[in-house]
Structures are given as structure tokens and as C-alpha cells.
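Here are a few quick notes from my look through the model. Have it open while you read.

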Amino acid sequence: MNPLASIGRTTISFFNTIGRISLFFGRALYHCFTPPFYGRLLGRQLIEIGYYSLPVVGLTAIFTGMVLALQSYTGFVRFNAEGAVASVVVLSITRELAPVLAGLMVSGRIGAAMAAEIGTMSVTEQIDALTTLSTNPFKYLVAPRLIAGVLMLPLLVLVADIIGVFGGYLVSVYKLGFNPTVYLERTWDILEPLDVVSGLVKAAVFGFLISLMGCYHGYHSRGGAKGVGAATTNAVVSASVLILAFNYIITELFFAI
Amino acid sequence: MADKPPKISIKNLHKQFGEKIVLNGLDLEIPDGQSVVIIGGSGTGKSVLLKNILGLLSPEKGSILIDDQDIVGMNWPQRESILQKVGMLFQNAALFDSLTVWENVAFGLIEGRGIKRKKAHEIAIDKLADVGLGSDIGSLSPSELSGGMRKRVGLARAIATDPEIIFFDEPTTGLDPIMGDVINDLIVDRVKHLGATTLTITHDMASARKIADKIAMIYKGKIIWAGPVTDIDNSGNDFVNQFIHGRADGPIQMDVRAG
């Protein structure tokens with residue numbers, strides 16, 4: 001086998017995929033802003049993404065906040081800086097951990113479900129059936145999921161912020177013996193609107209990426225059950241990698257020195 | 001009296017996937033109000049032809065005229081007006097899993113025509129009755145139906161909007177002979193009732209003989225014979241004779257390996 005040919009094929013395939021995703025992104029965006037709008041489907045997706053993801057996001061947030069308080073305390077106590085625990089917890093949660101962890105958890109739950117559902121519709125000709133029934137699949141399947149993803153992730157992250165900080169408070173006050181009033185004062189004093197806003201902006205972008213990858217891989221799945229399985233895996237992996245990459249880019253945009 | 005123009009006219013249609021040529025200059029005319037059946041072996045381009053007519057695939061070359069409008073290269077709003085005239089029964093019915101049976105049947109009425117759900121429900125129940133299914137079926141999920149019932153629901157969905165053109169993709173595949181005949185009878189009855197133009201693709205000769213006014217045989221991406229159903233046994237075409245008698249020996253050599 002010629003290694004140069006293999007590199008060439010991989011490169012072409014990579015740019016082919018980038019091109020297809022860009023075209024899918026453009027079409028999807030266009031259909032998000034042009035009628036008809038399917039309110040009933042949007043409502044269903046809002047509930048599916050927002051309401052049903054609350055338990056997993058809430059649990060992730062509370063344990064992350066608790067561990068964060070414990071770990072920062074054990075580190076900071078070595079140079080008598082344990083007073084900074086409240087600041088570290090609230091800044092880490094709002095700026096980074098809540099949006100990234102909520103994004104990754106929702107990617108596993110929702111991105112996979114979208115890819116599996118749309119992928120199954122694709123391989124069983126249900127998407128073709130939509131077209132023959134004068135219904136644009138992008139408007140009916142993709143647009144409601146993208147809009148719901150962008151709207152719901154920030155709300156989930158806002159909830160995760162509160163629960164995460166509460167987790168840190170619980171450990172700090174009841175296990176590490178912090179004064180509750182002082183802890184809350186330090187939390188409130190250090191927090192600035194930009195800390196929360198940056199996390200919410202990240203969440204909206206992550207929500208879009210999760211829905212985009214779920215819909216894209218589902219829509220292009222081929223070859224029966226194996227194809228749907230591959231689409232599901234690809235949706236979660238690509239969304240997770242993109243979340244981490246865009247997390248860096250957005251952090252750079254907000255907090256670059 | 002002047003001849004009516006064909007409802008669907010396909011000229012010099014070419015479609016290939018990579019190196020593989022599937023449609024190779026296909027010509028076909030489907031007269032208004034007639035039932036045309038395309039027969040041919042697996043992999044000869046029947047489904048690809050149907051997908052090109054429906055706009056699900058784009059041909060490399062050629063034209064597809066529906067009511068004298070070339071649909072090749074049409075954008076969505078233009079295509080939507082053509083699709084309003086069309087009904088389609090898919091091979092595996094392609095019912096939407098997330099909707100109930102009546103919602104499946106009424107889908108084109110609610111989403112395509114903007115009819116209110118209550119009125120659409122009434123029409124859906126009527127259409128289910130037309131294909132021999134009771135109103136109690138309407139509230140079931142597609143996963144609760146047998147293969148024959150799914151086909152009937154698919155047929156009810158295809159005729160729900162009273163389309164001018166109906167496409168049938170292998171309508172009897174996967175059904176036992178009796179249920180296959182029931183579906184054939186329903187197709188003939190409903191199509192006659194609607195006065196629709198139909199195009200069916202199948203390799204089930206019993207079905208073809210029952211449904212068709214005219215039969216066309218596709219081989220290697222071209223129509224190699226077309227004529228009235230009554231002429232099929234005297235076509236004088238070796239390919240047609242081999243196919244309709246299901247003989248392994250003859251000019252058609254089946255590929256044992258894919259692709």
C-alpha cells in the first residue's frame with residue numbers, strides 16, 4: 001500500500017467532511033430563521049433537552065462543586081490560603097466546569113439520542129417520506145433541535161452554576177468548618193457578571209454544536225443498524241471534541257490578556 | 001381528438017454513483033391516468049429512478065417533466081408545489097415511529113396542506129376505512145402493526161391528500177401471497193377511485209400483471225422494452241422472457257458479488 005496515497009485519501013476525506021458539515025450548518029441556520037416553524041416540535045425538544053437533562057446536569061454539578069471545594073482546600077491549606085476556596089469554587093464553576101461538564105453530559109445524552117433517532121429515520125426512509133409529504137426535513141427535524149439546544153443549554157448551565165456553588169458550600173461549611181456567612185460573602189464579592197455571562201455564552205455555543213453534530217451524523221447515517229451505531233458514536237465524540245476546542249476559543253475571546 | 005400530453009415524461013436520464021453507472025440514458029413516458037409498472041432485477045436502477053423523479057436524488061443529465069414542468073434542479077418551494085400532487089407508498093411503508101397511525105395518515109394534510117388536526121383526524125379515519133382498517137387502529141403506534149397492516153397504513157397515507165400521481169415502491173415485497181394480493185386489489189381499487197396516474201416498481205410479476213396498464217422493463221439503467229400489460233407474454237424480447245419466467249439461464253447474468 002502506498003503511504004502517500006493513504007495520506008492523500010485521508011486529507012481529501014477530512015476536507016470533504018468539513019465541507020459537508022459547513023453546507024449542513026448553512027442550510028440548518030437558514031431553516032432556523034425562515035417559516036414555517038414547528039412550535040409543537042420545538043416544545044418537545046425544549047422539554048427533552050432542558051427538563052429531562054436536569055437530573056444528570058444537577059448531579060454532575062453538585063458533586064463537581066463538592067470535590068472542587070475539597071481539593072482546593074487540601075491544596076491551599078499547605079500555604080495558608082484556604083480562604084480562597086470560595087473564590088476558586090465559584091469562578092471555576094461559572095466560567096469553566098458548569099458549561100463544559102453540562103455540555104459533555106448533554107452531548108452524551110441528547111447528541112446520541114438525536115443521532116440515533118434521525119439516523120434510524122434516515123435508514124428506514126422516513127426522511128424520504130417527509131420530503132414526499134411536502135415537508136422539508138431540515139425545517140421539521142433539524143431546526144427545532146438546533147433552536148432548542150441553543151436555548152436550553154444556557155438555562156441548564158445557570159442551574160448547574162447554582163447547584164455547583166451550593167455543593168462547594170455544603171462541603172466547605174459542614175465538613176471543612178467554614179463560616180457560612182463569610183463563605184457566601186467571599187463567593188458573592190469575587191463573582192462578576194462577565195464570569196456568569198461567559199459561561200452562558202459557552203453553553204449556547206455548546207448547545208448548538210451538540211445539536212448540529214447529532215443531526216448531521218444522524219442525517220448522513222447509512223447502512224442499517226451498524227450505520228446508526230457509528231453515527232451515534234461519531235455524534236458524541238465530535239461534539240465532545242468541539243466543545244473542548246470551542247471552550248478554549250471562547251475563553252480566549254473573553255479573558256485574553 | 002388530440003392526444004393528452006404524458007403526465008410524466010423522462011428523457012435521457014443519467015445517474016451514477018462514483019464509477020458505477022445506474023441510469024444510462026433512460027427514456028419513459030407515463031400517460032395521464034394510467035398505471036405504469038417498471039419491472040427489473042435487483043440493482044438495475046428502479047429505486048434510483050423513483051428517487052430521481054421524487055427529487056430525492058439529482059441526475060447528472062436528462063430531464064424529468066411532470067405536467068410539462070422540468071423538476072430537475074428545482075429549488076424547494078418549486079418542488080413543494082409538485083410534491084403536493086404526489087403520494088408515495090414506500091417499500092417498508094416508512095411510517096413515522098414517533099406518531100400514531102392516524103397522525104401518520106394525516107401528516108400530509110396537517111403539515112403539507114395546513115388542515116386542522118380535528119378535520120385531518122376525520123379524513124385519516126376515512127382513509128383507514130378505505131384500506132380496510134378500523135378506527136381503533138388509528139390510536140396505535142406503527143410498531144404495534146403487522147407487515148400487512150403497515151403497508152395498508154402506508155397506502156392510506158399515500159392517498160390521504162387525493163394525489164394526482166402515486167408512486168409504489170415494491171408494494172408487495174415481504175408480504176405473504178394472500179396479503180400481497182389484498183394490497184394489489186386495494187391499489188387497483190383506490191387508484192381507479194382517485195383517477196390517479198401511478199408508477200410502480202416491482203419484481204413481483206403477479207403484482208405487475210394485476211396493477212399495470214403498461215409495463216416497462218429496466219435493465220442496466222435503460223428501458224429495454226415497454227408495452228401494454230397484455231403484450232408482456234408475447235414481447236419477443238429475450239430479456240423480458242427470462243425475467244417474467246424467472247429463469248436463471250438467458251441473456252441476463254446476475255452479479256453474484258455486490259458492486
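Two strands count as paired when DSSP finds at least two bridges between them. Keep in mind that this is a predicted model.

1. Start with the sheet in chain B. Strand S1 (residues 8-17) of chain B and strand S4 (residues 61-66) of chain B run antiparallel, with five bridges joining them. If you want a spot to check the register, try B:Ser9, which sits opposite B:Leu65 in S4(B).

2. S4(B) has another partner to look at: strand S5 (residues 69-70) of chain B, again antiparallel, over two bridges. Here B:Leu65 turns up once more, standing opposite B:Asp70 in S5(B).

3. Now the turn. The hairpin of S4(B) and S5(B) has two residues between its strands. Have a look at B:Asp67 in this hairpin, where phi is positive, near 50 degrees.

4. Over to the helices of chain A. Helix H4 (residues 85-123) of chain A and helix H6 (residues 137-175) of chain A have axes that come within 7 Å and cross at roughly 145 degrees. The crossing of H4(A) past H6(A) is right-handed. What makes up the contact of H4(A) with H6(A), by class? There are 18 nonpolar residues, along with five polar and two charged ones.

5. Last, the interface. On the chain A side, eleven residues are in contact with 16 residues of chain B. The side of chain A that touches chain B breaks down into seven polar, two nonpolar and two charged residues.

How values were computed:
Residues are numbered from 1 along each chain as its sequence is written. Chains are lettered from A and ligands numbered from 1 in the order in which they are written. This is a predicted model: local features need pLDDT of at least 70, side-chain atom pairs count only at pLDDT 80 or more; totals for chains, interfaces and linings use all residues. Two residues are in contact if their C-beta atoms, placed from the backbone, lie within 7 Å. Ala, Val, Leu, Ile, Met, Phe, Trp, Tyr, Cys and Pro count as nonpolar, Asp, Glu, Lys and Arg as charged, and the others, Gly among them, as polar. Axes are lines fitted to C-alpha atoms, for helices over the stretch in contact, and angles run from 0 to 180 degrees between N-to-C directions. Helices (H or I, at least four residues) and strands (E, at least two) are DSSP runs, numbered from the N terminus. A crossing is left-handed if the near helix is turned anticlockwise from the far one by less than a right angle, and right-handed if clockwise.
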